[in-house]
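Open the model in your viewer and set it to cartoon display. The stops below give a selection each time, followed by what is there.

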Amino acid sequence: MVKKKLQVAPVTEKIKESRLRWFGHVMRRPENHVVKKCLSMAAAKGGRGRPVTTWLTNVRRDMKELGLSSDDAYQRTNKIKFTMELEKDCSLPFLDVLVKRNPDNTLGRTVYRKPTHTDRYLNGKSHHHPSQLVTVGKSLFQRAQRICDDQHLAAELQHARRALQANELRIPRVNQRSHIKIPTVERRPAILPFVRGVTDRISHILKRASIKTYFKPMKKMSQFLRPVKCNTPLQTAGVYRLDCECGLSYVGQTKRSISTRVKEHIADVKHRRPRSAVCEHVMDKANHSIKFDKPLVLAKEKRYIPRMLREAIEIKKYPNFNREDGFSLPPAWDPVGG
Ligand SMILES: [Zn+2]
């Protein structure tokens, strides 16, 4: 059922597919290629009995099954498709360059922005080190100078200036000479969060000792919010609890995802395989049913020892039908149990 839901091809099919793909890849190589030569070498003669199954025998069998000949290996699949972009208003975007066709059929270049671009950058009033704020303007100007031709440069710089103003950023001076000082002594740099009045002063002190400081921006609002794409807790490794209608529970742990483990429990019960305490409980006691639809995640833990300890603690906490108590805990943990 799981396989059907996820549209996963059976493993053997997957192996066949990759075997044939590699065979085709080798066959399309030039005749004198090492790997191809090896492939065409005659296999060593076997002794008596069934001939040895080689990799190539498998390929031949697979090809026969699928009705393919070795000529097919030379033909590329028609699944590969190409797209084409057409010139629009005498211009065509390529990466971040907009190539423009002039009336005299020469090509001009300017910066390309997607139609959805909002010109919103780091705001000048935000709590960042001045050098980080300056970089925004610098990079916009540098990009304009690198990409645009003389004809479009002025307009692009004007656009950048307006964007910087809208974001309350300082406009860098054009043709400003960058004066990069080569450090005389190499020291490991310091990485500090930027706190105005604190870490910028520390960086001055460090600079005297030839230590460069990199400022990390503080946490942004988005980092405090829940991520948009979020794994449901059932998709993590950890300790979980399954309740039975009789009031007893089962506490388990897994290093794979909890949902996978719960699915295994369901399959075991369905096929009456007494592989875990869950299935034994259902098989021993008539009319007991486990609430498989409500597995409870007690802890998310990938590391082995902490996970096993947590399981042992949780087993102590709930009335359960576990076969074992998990890790043996020191008696100091006894008060945890109800
Ligand atoms: Zn029960």
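Start by selecting residues 11–27, helix α2, and residues 55–66, helix α4: their axes come within 10 Å and cross at roughly 105°. Axes here are lines fitted to C-alpha atoms, for helices over the stretch in contact, and angles run from 0 to 180 degrees between N-to-C directions. The crossing makes α2 roughly perpendicular to α4 (a word used for 65 to 115 degrees; under 35 is roughly parallel, over 145 roughly antiparallel, and the rest oblique). Helices (H or I, at least four residues) and strands (E, at least two) are DSSP runs, numbered from the N terminus.

This is a predicted model: local features need pLDDT of at least 70, side-chain atom pairs count only at pLDDT 80 or more, and totals for chains, interfaces and linings use all residues. Residues are numbered from 1 along each chain as its sequence is written.

Now show side chains where the two helices touch. Lys16, Arg19, Leu20 and Phe23 of α2 meet Asn58, Val59 and Asp62 of α4, contact being C-beta atoms, placed from the backbone, within 7 Å. By class, three residues in this contact are nonpolar, one is polar and three are charged. Ala, Val, Leu, Ile, Met, Phe, Trp, Tyr, Cys and Pro count as nonpolar, Asp, Glu, Lys and Arg as charged, and the others, Gly among them, as polar.

Next, select 91–94, 97–101 and 107–111. These strands form an open, antiparallel sheet in the order β1-β2-β3 (strands pair if DSSP finds at least two bridges between them). β1 and β3 are at the edges with a single partner strand each, so one side of each has no neighbour in the sheet. The twist averages 25° from one strand to the next. Five bridges join β2 to β3; to find one pairing, pick Leu98, whose bridge partner in β3 is Thr110. Add residues 130–147, helix α5, which packs on this sheet, touches β2 and β3, and makes about 170° with the direction of β3.

Move to residues 199–208, helix α7. The count of buried residues among its 10 residues is zero (buried means 20 or more other C-beta atoms, placed from the backbone, within 10 Å of a residue's own; exposed means 12 or fewer, and partly exposed lies in between). Just after α7, Ser210 takes a positive phi of about 55°.

Finish with the open, antiparallel sheet ordered β7-β6-β8. Six bridges join β6 (238–243) to β7, and Arg241 has Val251 in β7 as its bridge partner.
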